[in-house]
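Visitor: Could you take me through the place where the two chains meet, slowly and in some detail?

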Amino acid sequence: MARPVTIKDYLYESHLFMQRAIQALIIAGLLFAVLVGRLVYLQVVAHEHFITLSDDNRIKILPLPPNRGLIFDRNGLILADNLPSYRLEITREQIHDLDATLAELGKLIDIRDVDLKRFRRLRQRTPSFKPVPLRFHLSDEEVARFAINRHRFPGVDIVAGLSRHYPHGPLAAHAIGYVGRIDERDLQNVDGSNYSGTTHIGKVGIEKTYEDLLHGSVGYRQVETNAEGRILRTLTRIPPVPGENLYLTLDAELQSAAEQAFEGKAGAAIVIDPANGDVLAFVSLPSYDPNLFVNGIDVDSYKALRDDPQRPLFNRALRGQYPPGSTLKPFVALGGLEQGITTAHAHTYCPGFYQLPGKARKYRDWKRWGHGTVDLVSAIAQSCDVYFYDLALSMGIDRLHEFLSLFGFGQRTGIDIKGELPGLLPSREWKRATHNQPWFPGETLIAGIGQGFVLSTPIQLASATATLSQYGRRLRPRIVAATQTHEDGELTPRPVETILDIPVEDRQHWTTVIHAMREVVQGRHGTARKISKGAWYEIAGKTGTAQVFGLKKEEKYDASKLSKELHDHSLFIAFAPVDKPRVAVAVVVEHGGSGSAVAAPIARKIMDHYLKKPSP
Amino acid sequence: MSTLLDSSREDASRRDWQHTLHLDALLLLGLVTLSTLGLFVLYSSAGGDSQLLLRQLVRLGIAFGTLFFVAQIRPQWLEHWTPWIYGVGLALLVAVLLVGDVGKGAQRWLDFGFVRFQPSEMMKLAVPMMVAWYLADKRLPPTGLKLLIAGALIVVPVLLIAKQPDLGTSLLIGSAGFFVLFLAGLSWKLLGGLALLAAGGAPILWHFMHDYQRQRVITFLDPEQDPLGAGYHIIQSKIAIGSGGLFGKGWMHGTQAHLEFLPERSTDFIFAVLGEEFGLFGIVVLLLVYSFIIIRSIQIATQAQDTYGRLLGGSLAMTFFIYIIVNTGMVTGLLPVVGLPLPLVSYGGTSMVTLMAGFGMLMSIHTHRKLLPT
């Protein structure tokens, strides 16, 4: 950088700097003198005044944590409760010999290894002057025994409080979630002062999603204490505002019936009221007992849950991404009709396999010898693969993707529980972006029968089914129906939200597909005809069998020769009654085998329970 | 006083290792004494938490390492790269406003994925460097257009940082730049004019302040008004210091600090812990150590051989003073609550590293001098 030459008087400038440096030091000295003067005032002149303030040590401000809002099902049955409980806390600073104190306490109160482990873990993160909990849920007897011996244990206190309790244990645990002790990561996401005094926070499920509402606002108590910090009396009190209660759309009885219908199998089921998107049952099995997590789960129990091959902590309903299999067919068929690619009367001959023009590879139908000549209704009723290979190829992946997107495939439904996964609806762009490959026509074929890349979640399937039953009105599934503040007890309903009204080309197309789904259950050749027996209402449904692994060309699926993990997933979607739908269901049974044999009967039991048999 | 600042002759044998390592023994002695004192107070304020102490020791290690590293850099090299450093810093400040991370309600951090970086820290050094660089070849004292340009070099980053909003840092950077001008001989008349302008500009500034900043000013003027909220800090720290008396309650025996009355006792309000546990005596010892460091730094600046080194060195010394006076003034209730740490005593890392880099520059300026023939 070229710099202009300036004539500088270095001697003068150096002198000037010296002068200024001294002036700066004098100013600094004067300011320090003011500071010292202030300190002399505080520490010498007004010392007595401040020593009184400090010695009295009187006024303390204690946070009053709000009571957490309760969670009820749609009928007012309590799902998450606050129970009074006593916990034992230790303030290390006030204790001389911690080990001796713990040993002595052990004689009065049952202290197990898990308690000690947790205590050691917590105390590392807590300053020594803050109390650390040692035991939770003391029995009345233990409280009494300690009270008599209290004088022997300075620094040990029994604290009464409310503890979160889930009276139904594992029932709907994946929807409700649980609270756990606040850790540093939680505190970063909330207003710290509002959580002073709060010990627990929603960790997953509704407890997490609605943390803001459930928690409420902190209150304060100004108290007078003596030198040891023991409270003498309360001066002022600003009461906390309790959290709001939540009324869920869940029906606990239906939920319980649905969970029992699985008879111990792993899987998921979502039951939706198609008229408003209310989630009536949210099943993900196996489940777990959320009460274990409330006060810190012990390592062994956690390991057992984590390492269980059935994965009880995995929320299948929200995060399980399964190939939809044949349950996708009604939607593909509707796409073919609405986009004018096929008609209800067009026939296709099914010889049991399909070949792309000019290619040798045979795409097999599940029925080895074929379905013969089928039209749209019989193709859905009998779940003919060849018909849908042909239709999917005519539509092409672009139109297939466009139409199925309308129903929310490949997208989160937006249900008000955090953690939902979007599934996958493949497209040309997606394949290019993730695999850096062009789209192959063969992939369109298998996408047309819900295999290959296509993945969807149970909540997504249920939502799409409900949308179909409503002729295209797609609602956001909701699990919290209303909130209730403590002050007035008024219920504030949460709005029913329409995501999209799918444009309808011809209502008759929808009626045709719904008729075909009715044939699946009510028809003579329907794949789920067995479940129509004894039903006092008509069901429209579709079975699905999702392959977990691909069969080789001429191989035949033989369940008896395969290990359980490779068995097909069994799927069923349905709504009922056909003419006036009141309930939509999606059932996935992991490695259950065929959709008709396993998932469909579960769906029937769920609908039976909901559409109660009219008394004769 | 002037003989103290003039002493350019030093013990030849002592100068040897100091020149090889590019360190200044007196300044280093002051800094080490100060850090040791700080660790003692911090151990008590943290309630005997040795983990916290260990973390602070690691940070001190990094800070002294930075000092040593910077001291090796020749001042000529620094001067040469000054406009670039300033330019990059300014660009990063703009970037922070556009894409920065929000922490505690203010945008201060840039996230590069592997490291989070606070560009305003860099500007604490870059602004005085830039103003010194600009004035280095001008006739001093600066006047007219030159003064305006120098002023703009200061005001632009100060406003950018105030907008983040980070009042404490922008105040520090503003004063760092101001001290360069002051040491360059800015006329007293102009200074008086600026003071008047500031008084007149206060209402306008009020208009641009964030709510929490206004709250701090109101709280400063009348702490009792909000005893549960913002005023709580000041009330409690005054009680802590006042109850300490002449000799304090003794190490680890401050009731205010240990019964949790005093907020932020390990960070911004650690001075109150010192006042409570060691009394006026302890505070005066600390202020003496601070004074020693400041005087030695100014002395180094006066001995610098060029305008750049002189102005930069002097400004760094006076910025260090501003740190101290703003923090202690805040804790004793003389000044509003501005979030600045007590240098080398408060718990915390980033600003400590920057400070030590500044002292590294001072040592570099001192030990890279060309030896005059005796």
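Guide: Happy to; here is a walk through the contact between the chains, followed by the nonpolar cores.

A word on conventions: this is a predicted model, in which local features need pLDDT of at least 70, side-chain atom pairs count only at pLDDT 80 or more, and totals for chains, interfaces and linings use all residues. Residues are numbered from 1 along each chain as its sequence is written, while chains are lettered from A and ligands numbered from 1 in the order in which they are written.

Let's start with the partner, chain B. Its secondary structure comes to 15 helices and three strands, where helices (H or I, at least four residues) and strands (E, at least two) are DSSP runs numbered from the N terminus. Of the 374 residues in chain B, 47% are buried, meaning that 20 or more other C-beta atoms, placed from the backbone, lie within 10 Å of the residue's own.

Now the meeting place itself. Here 36 residues of chain A are in contact with 49 residues of chain B; contact means C-beta atoms, placed from the backbone, within 7 Å. On the chain A side, helix H1 (10-45) and helix H2 (47-56) each supply at least two residues, and H1(A) gives the largest share, 19 residues. That side of chain A divides into 23 nonpolar, eight polar and five charged residues. Ala, Val, Leu, Ile, Met, Phe, Trp, Tyr, Cys and Pro count as nonpolar, Asp, Glu, Lys and Arg as charged, and the others, Gly among them, as polar.

Look closely at H1(A) beside helix H14 (residues 307-331) of chain B: their axes come within 11 Å and cross at roughly 10°. Axes are lines fitted to C-alpha atoms, for helices over the stretch in contact, with angles from 0 to 180 degrees between N-to-C directions. The two helices, H1(A) and H14(B), are therefore roughly parallel, the term for angles under 35 degrees. Among the residues making this contact are Phe17(A), Ala24(A) and Leu31(A) from H1(A), and Arg310(B), Met318(B) and Phe321(B) from H14(B). By class, the contact has nine nonpolar, four polar and two charged residues.

Finally, the cores. A nonpolar core is a set of buried Ala, Val, Leu, Ile, Met, Phe, Trp, Tyr and Cys residues joined through C-beta atoms within 7 Å. The largest has 124 residues, and Ile606(A) is one of those with the most contacts inside it. Helix H16 (residues 385-406) of chain A gives the most to this core, 10 residues. Apart from it lies another core, of 110 residues, including Ala21(A), Val41(B), Val70(B) and Tyr347(B).

Note on methods:
A residue is buried if 20 or more other C-beta atoms lie within 10 Å of its own, exposed if 12 or fewer, and partly exposed in between; C-beta atoms are placed from the backbone. Two residues are in contact if their C-beta atoms, placed from the backbone, lie within 7 Å. Angles under 35 degrees count as roughly parallel, over 145 as roughly antiparallel, 65 to 115 as roughly perpendicular and the rest as oblique.
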